[in-house]
Amino acid sequence: MKNLIFVALSGILFSPALLAAEPHIQLLPASGGDLVASRVTMEKSALAADIEREPVDFAWALDPSQPLSRETPYVADSREFWTTLDAKQLQKGYRFQTTAPGALLRLSPADNAKRTALQLSDLDLRIDGRKLDATRDISIAVDAAQMKAAGVDFGEGSLVFRLAADAGEGQLQLMAKNAAGDYLLHVYEPDSPVSLTLAADRDRALAGDTITLKTQWNDGSRASRPSSIGGVLTSPQGHSIPIDFTPAKGGEYQATVQLPADAGSGMALWEVHTFAVSNSKNGAIPRDAKTSFSVSSPTARLSGEAVSVQAKSGRVALTLPLEVGAAGRYELRGVLYGTAKGGSMQPFAIAHSARWLEPGKGEGITLDFGDLAAKSGLAAPYELRDLSLNDQARLGLLETRARALRFGADDALR
Amino acid sequence: MLKYLAGCVLAFAPMLALANTGVAFVHGTSKHTNATADYWGADFINSVRQGLPNQANYTVINCDFEQYMWDSRAAGCAAGQLTSFINSRGITDLVVITHSNGGNVMRWIMSNPTYDSRYPNIINKIRWVNALAPSSRGTPLADAVMAGTVFESALGWLLGYKNDAVRMQQQSWMAQYNANNLYGTAGRPSLPRGFWAVVGQDVETAIWDSDSYCGGYHLNLGLEITQAWLNSCSDGFLNCSSQAGAGNVWFYDTQRTAGKEPLSHNQSRKKCFNLDVILRNDL
């Protein structure tokens, strides 16, 4: 009971109701991982007619015992490759090296052309020259209709099959005398020790930014050098930029890519495709890896002006001024942290707020946390973290701040 | 257990005593005009809604979930149908049952409440979302489908793959969305309402086992094959880690199903192994 009384008194003593009036506080300096625009752009393209225009605010409580953290960007780890084959290559026999038993192969005709589809019985498969027997060496084979029924649309005429574990590994020759037209071959070796990893240094960027990419060829637990490596960056609109990787420390390869300054916003992602091949005496071992990130045009940003802090009567609301380059619907969202009894900062509320704004500087959006601070049992000082500015009209992520604002303690008022 | 604790708290809330409970069924990646017949099966819907005080308080969403989750034809369409349902039936307590990518659409709505002025009212009415096999962290199968299109597009075979929902469910894409646009995954803020996942762990296709026929044998056979792309724990379309990737796990299939049968990705939207009764009893 004593503890309960103490907690209750702590809440009163440090509650937002008793915070001194704190009209304006500067944002904390941006940190390394923050997304910060150095300019705002004017987008002249027409916006969709159905974009929301009503102002909307929404806030809810978070469990302070659940810490928040930022995930590291996705790391692709590929044991597969794709290649295109023409009829002549298949008639002659296409060879590559498998590195583990149980490879999955998918063969799809060009243009979804059913007439050039191949059946398992059309294929002559050999490992290290030994002809494979379909009933013994193929564990499973399905057609496109069966894959589609399972929710996987590989296209008309696709043939998918898996080599049996007993078929072993080695130089695989894939031959089809009656091949006609072009085909896409996809090979996946789920149990292979050979993989290609790929990662971008971040999963979000602004137009004109530079992205750093890292890739590595792994043979078992050992990093090694492939015979060749390359890549391409593709935009959602279909533009592509070649990527030149250069060797780096520890078997890694690295590349930096400058994004176009006129890239638009959108939640459809840009993709990095990396292709590598290691040549062995038994043939080529290819691997392709892919990752993605968002690119946004900085149509608005935090203006840098001081934030208006309203913290009274148990309510907290923060108004952040913006600089807007293009008319649109902008949203701020952020997580409010408070100080626990032991002094640690804990998250207790999240607020979102969206408004239609015209170009200009100074107009702000208010994050209204309502009375969640009073209900949280946490005390000052407070911090606004995980702040982000979004362009909802163009689906762009324009600015992020891991730590944006600290208020409610004397040292924050200086 | 967590879910029942949450339920107990809600049960004692005075509001719930006066609640008008409804249930909404939100389908996965596909475009529907009659998801009752073409996706869920009327026997499943009719069994689940028996748990409602007023069995007429249900709706089956029919939208184009081949689009990106945020698209007006996807989340926008779902928001419109949910709003109409809430308003026309006076729903004050809504349980949403999603399957597969339908979970992502509902997570978009709950993670982006200001994107559409209809979202807040929907969120405020939701008691919780029961997410059957949600594709919260994507699937390698989406990558397998999409990666080939780079080559196909380069050859002019395809001018881009048209199913944006599949594109969106590639693993790196979902990782990006989970980190920036969606809540509920580890380390991210929680969703404003509970998101309770039912996780399918395996596919059974033994020709002599009648359980393999629930939901359609040929569909389950396809899922057995797609498992080759997935981890040892999967429902044939999604790894368990993806299904359990957001919100809380309500249960892993064999913990609750009749005969401790696993739920394949096809069976987790069908009247199989008492799943309908489990969902009915949760209303």
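Me: Is A:Asp77 buried, partly exposed or exposed, and at what relative accessibility?
Reply: The model is predicted, and the values here are computed from it. Buried needs under 20% relative accessible area and exposed needs over 50%. A:Asp77 falls in between, so the residue counts as partly exposed, at 44%.

Me: Which residue does the side chain of A:Asp77 meet in a salt bridge?
Reply: A salt bridge requires a side-chain nitrogen of Lys or Arg within 4 Å of a carboxyl oxygen of Asp or Glu. The N to O value for this pair is 3.3 Å. The partner counts as partly exposed because its relative accessibility is 22%. The residue is A:Arg79.

Me: What is the relative accessibility of the Asp that forms a salt bridge with A:Arg130?
Reply: A:Arg130 pairs with A:Asp137, with the closest N and O atoms 3.7 Å apart. A:Arg130 itself is partly exposed, at 36%. A:Asp137 counts as buried because its relative accessibility is 2%.

Me: Which residue forms a salt bridge with B:Lys271, and is that partner buried or exposed?
Reply: The N to O value for the pair is 3.9 Å, and a salt bridge needs 4 Å or less by the rule "within 4 Å". B:Lys271 is partly exposed at 43% relative accessibility. Its partner has a relative accessible area of 4%, so that residue is buried. The partner is B:Asp276, and the class is buried.

Me: Which residues do salt bridges with shared partners join into one network?
Reply: Side chains of opposite charge can pair when their charged atoms come close. In chain A, salt bridges that share partners link one Glu and three Arg residues. The members are A:Glu383, A:Arg385, A:Arg403 and A:Arg406.

Me: How many salt bridges does a search of the whole structure find?
Reply: The search runs over all chains. Between chain B and chain A the count is two. Over the whole structure it is 25.

Me: Which residue of chain A forms a salt bridge with B:Asp143?
Reply: The closest N and O atoms of this pair are 3.9 Å apart. The rule asks for a distance within 4 Å, so the pair qualifies. The residue is A:Lys290.

Me: How much area do chain B and chain A bury between them?
Reply: The interface brings 59 residues of chain B into contact with 66 residues of chain A. Across it, 22 residue pairs are in polar contact. Carbon and sulfur atoms carry 64% of the buried area. The area is about 5,100 Å².

Me: Which helix gives the most to the side of chain B that touches chain A?
Reply: Polar contacts across this interface number 22 residue pairs. Helices H6, H7, H8, H10 and H11 of chain B each supply at least two residues of the touching side. One of these helices gives ten residues, the most. That helix is H8(B).

Me: How many nonpolar residues are on the side of chain B that touches chain A?
Reply: H8(B) supplies ten residues of this side. By class, the side has five charged residues and 19 polar ones. The nonpolar residues number 35.

Me: What is the relative accessible area of B:Gln176?
Reply: B:Gln176 lies in helix H10 of chain B. Beyond its neighbours within four places in sequence, its contacts are A:Asp203, A:Arg204, A:Leu269, A:Phe293, A:Ser294 and B:Asn181. B:Gln176 is buried because its relative accessible area is 3%.

Me: How many residues of H6(B) are buried?
Reply: The helix is mostly covered. Its buried residues include B:Arg107, B:Trp108 and B:Met110. The count is ten of ten.

Me: With which side chain does A:Gln216 make a polar contact?
Reply: A:Gln216 is in strand E15 of chain A. A:Gln216 counts as buried because its relative accessibility is 17%. Residues A:Gln216 touches include A:Ser195, A:Thr197 and A:Glu252. The polar contact, at 2.9 Å, is with the side chain of A:Asn218.

Me: What is the mean pLDDT of chain A?
Reply: In chain A, 92% of the residues reach 70 or more. Over residues 1–20 the pLDDT is below 50, and that stretch has 23 contacts beyond near neighbours in sequence. Residues 410–414 are also below 50, with six such contacts. The mean for chain A is 89.

Key
Residues numbered from 1 in each chain as written. Chains lettered and ligands numbered in written order. Predicted model: local features only at pLDDT ≥ 70, side-chain atom pairs only at ≥ 80, totals over all residues. Heavy atoms only, no water. Contact = heavy atoms within 4.5 Å. Buried area = accessible area lost by both parts, 1.4 Å probe. Polar contact = N/O pair within 3.5 Å; in protein donor to acceptor, adjacent residues only side chain to side chain. Helix = DSSP H or I, 4+ residues; strand = E, 2+ residues; numbered from the N terminus. Nonpolar A, V, L, I, M, F, W, Y, C, P; charged D, E, K, R; others polar. pLDDT = per-residue confidence, 0-100. Buried < 20%, exposed > 50% of the residue type's maximum accessible area, 1.4 Å probe, protein only.
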